[in-house]
Structures are given as C-alpha cells and as structure tokens.
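Let's walk through a protein model together, one step at a time. Keep the picture in view as you read, and try to find each part as we come to it.

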Amino acid sequence: MKLPRSKLYLDNRHLEAHPFNQKKSDLYQKVLKSLKVGPIINPLLVVADGNKKYAVVYGNNRFLAGCELGYEEFPVKIIPDNKTETILNVIKDYKIIKM
C-alpha cells in the first residue's frame with residue numbers, strides 16, 4: 001500500500017523539528033544514497049492518528065531521505081493501533097531487506 005507524503009508525518013516531534021541532526025548520521029547518508037538509485041523497498045511502519053493522517057513510527061530515515069529526494073508517496077504498512085506493545089511486536093516481526 002502507498003500513501004501520499006501529505007498524509008504522513010514523523011511521530012518524533014523533536015526529530016521533525018530538527019531533522020538536520022539525523023541527516024548527518026552515517027545511516028541516513030547510506031539510506032539517501034540507496035534511494036538515489038532505487039525505490040524504497042522496506043515500507044514505513046505507520047499508525048493512523050484519527051485525523052486521516054499517519055504517524056511514521058519506524059522508518060524515519062527512509063521518510064526523511066524520500067522527502068529530501070522529492071518522493072510524493074511512500075510504501076507503508078499500517079499498524080492496527082498505537083499501543084507500544086503492538087508497535088514493538090510488529091517491528092520485531094518486520095523483515096528488513098538489507099541495502
């Protein structure tokens with residue numbers, strides 16, 4: 001499933017306000033480089049916020065890099081609720097495709 005960029009936001013308010021700190025990390029640079037040559041393979045994990053928008057709870061680097069590169073939509077997996085236990089269980093079972 002894909003969602004438009006306008007329906008997504010970072011769940012971490014501090015990161016959203018100051019994304020430049022994360023953009024200096026080696027992991028972010030690796031993700032950015034990967035997205036310059038190919039699409040996002042691993043969907044962002046998101047939770048509906050009740051206002052027809054979705055908080056990114058896993059995949060901040062992919063979201064920020066995609067935004068920087070002008071992505072208008074992102075592949076997502078919607079987590080059924082925003083309980084910490086549910087999110088952690090989904091992340092635990094999430095299969096990451098290595099870059």
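A good place to begin is the inside of the protein: buried residues make up 37% of the 99 residues in this chain. Keep in mind that what you see is a predicted model. The mean pLDDT of the chain is 85, and 85% of the residues reach 70 or more. Confidence varies along the way, though: among the elements, strand E1 has the highest mean pLDDT, at 97, while helix H1 (residues 13-17) has the lowest, at 57. Where pLDDT is low, the predicted coordinates should not be read in detail.

Now for the overall plan. The chain forms five helices and five strands. If you trace them from the N terminus, their order is β-β-α-α-α-β-β-α-β-α. How do distant stretches of the chain come into the picture? Of the contacts with a separation of 6 or more, 74% involve residues 24 or more positions apart. On the outside, the chain exposes about 6500 Å², and carbon and sulfur atoms supply 53% of that area.

Let's look at the strands next, starting with E3 (44-48). Four of the five residues of E3 are buried, so this strand is largely enclosed by the rest of the structure. Which strands does E3 pair with? With E5, the pairing is parallel and has four bridges. With E4, there are also four bridges, but here the two strands run antiparallel. Leu-45 lets you see both pairings from one spot: the bridge partner of Leu-45 in E5 is Lys-77, and in E4 it is Tyr-58. E3 and E4 form a hairpin with five residues between the strands, and in this hairpin Gly-50 takes a positive phi near 90°.

From these strands we can move to helix H5 (residues 84-93), whose buried residues are Thr-86, Ile-87 and Val-90. These three cover an arc of only 100° around the axis, which means that they lie on the same side of H5. What do the buried residues of H5 pack against? Their partners are strands E3, E4 and E5. Turn to the face of H5 that points away from the buried side, and you will find the exposed residues Thr-84, Glu-85, Leu-88 and Lys-92. So helix H5 has a buried side, with its three buried residues within that 100° arc, and a face turned away from it that carries exposed residues.

Another helix, H4 (residues 60-68), is home to Asn-61. Is Asn-61 buried or exposed? Its relative accessibility is 13%, and because buried means under 20%, Asn-61 counts as buried. Setting aside neighbours within four places in sequence, Asn-61 is in contact with Gln-22, Ser-25, Leu-27, Tyr-28 and Val-31.

Our last stop is a pair of charged side chains. Side chains of opposite charge can pair when their charged atoms come close. The structure holds one salt bridge, and the side chains that meet in it are those of Lys-2 and Glu-73, at 4.0 Å from N to O. This pair links distant parts of the chain: Lys-2 belongs to strand E1 (residues 2-4) and Glu-73 to strand E5 (residues 73-79), 71 residues apart. How open to the outside are the two partners? Lys-2 is exposed, with a relative accessible area of 51%, whereas Glu-73 is partly exposed, at 42%.

Key
Residues numbered from 1 in each chain as written. Predicted model: local features only at pLDDT ≥ 70, side-chain atom pairs only at ≥ 80, totals over all residues. Heavy atoms only, no water. Buried < 20%, exposed > 50% of the residue type's maximum accessible area, 1.4 Å probe, protein only. Contact = heavy atoms within 4.5 Å. Areas by Shrake-Rupley, 256 points an atom, 1.4 Å probe, with all protein chains shown as cover. Arc of directions from axis to C-beta. Pairing = 2+ DSSP bridges. pLDDT = per-residue confidence, 0-100.
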